[in-house]
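Trainee: I'd like to get better at reading strand pairing and burial. Could you walk me through a case?

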Amino acid sequence: MSKLVEKIIRNARIAASPYFWGFTAQRRIRHPDNRAKMARFLARRRPQSAIRPGSNATAGLDSLVQNMNQQGYHMLSGLVEPQQVAEMRAYFSEQKASDPYRPTFGRFLPLTEARPETHVAFFDPETVVKAPHAAALANHPVLLAGMEALLGCKPSIGYIAAWWSLPGDGTAEHAELFHRDVDDWAFYKFFLYLTDVDERSGPHIYVPGSHNRASHLDIRRYTDSEAHELGPEVRFIGPAGSCFLENTYGMHRGLPPLDRPRLIFQVTYCLMGLPYAPPAPVAPLPQGCDPFINRFYFKP
């Protein structure tokens, strides 16, 4: 199958989503100030939560909001236990995944059956939400409180993902090149490293403050030199369990690993809905979780 046909198939899946037209509309508005105005307008019409200032969930909230608004990312500590990380890594090491850019490769075990051409191996939604601690982490009170403070309303869990980035010759493709995500009027992503990440195992890279910069707004891949016109980069390096929040409207990329594979878990919080979510919920709603926040993945 040609690359053109594979691209058509991917785009057709997105277009089938009920959120496609809203998703398409917001991608036409690129200036950060205009996007923020529309996000505030929509947030005032969305549900509010019962999270109150002064609760354990809001401890350190001012720092989180300030960092996210100013630099576009915030490092988190003490959120995930080592045992949780180990159990998630063990689970995903035994599950089959697929190459989203080469669907004809089918499903395979990323660490033992991936073809040399494959850079990333993504797990399907059912596999991800069944992972140990996945639902609990996506609904962690600290994350939900932070998302509500940033969005101005109850967040929606629009996308939950996990994938392996696999070692190769260092040649980057797709999201391994600098780019902006343009997923919703306002959205934020939680990243959790499930493996140790150093310079040679595919660190995530971000250009601080670029989420507020009104230049380099085309939806395309950028060269390193183009991205660095927005400012110097930061590289997220650390042991398994390292986690952070990021506004990925800012310029970012994931370096292709050279020596060791990288396993990452990600949750996208947004205002509306994303076409990347499954067409219908794929698992029962965990006890104590908010039905509205979880409506795209979990059914009450």
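Mentor: Let's go through some strands here, keeping in mind that this is a predicted model.

Trainee: What holds the strands of a sheet together?

Mentor: In general, strands of a sheet pair through backbone hydrogen bonds, and the pairing can be parallel or antiparallel. Here, an open sheet of three strands has the order β8-β7-β10, with antiparallel pairing.

Trainee: Why is one side of β8 and of β10 left without a neighbour in that sheet?

Mentor: Because β8 (234-236) and β10 (252-254) are at the edges, and each has a single partner strand. On average, neighbouring strands of this sheet are turned by 20° against each other, direction ignored.

Trainee: How many bridges join β7 to β10?

Mentor: Three, with β7 covering residues 204-206 and the two strands running antiparallel. To find the register, look at Ile205, which sits opposite Arg253 in β10.

Trainee: Now β6. Which strands does it pair with?

Mentor: One is β11 (residues 262-270), joined to β6 by seven bridges in an antiparallel arrangement. Tyr188 has Tyr269 of β11 as its bridge partner. Another is β9 (residues 243-246), which pairs with β6 over four bridges, again in the antiparallel sense. There, Phe190 is matched with Leu245 in β9.

Trainee: And is β6 mostly covered or mostly open?

Mentor: Mostly covered: seven of the seven residues in β6 (187-193) are buried, taking buried as under 20% relative accessible area. Check each face in turn. One side carries Phe187, Lys189, Phe191 and Tyr193, the other Tyr188, Phe190 and Leu192, and all of them are buried.

Definitions and conventions: Residues are numbered from 1 along each chain as its sequence is written. This is a predicted model: local features need pLDDT of at least 70, side-chain atom pairs count only at pLDDT 80 or more; totals for chains, interfaces and linings use all residues. Side-chain values use heavy atoms; hydrogens and water are left out. Two strands pair if DSSP finds at least two bridges between them. Axes are lines fitted to C-alpha atoms, for helices over the stretch in contact, and angles run from 0 to 180 degrees between N-to-C directions. Buried means under 20% relative accessible area, exposed over 50%, partly exposed in between (1.4 Å probe, protein chains only).
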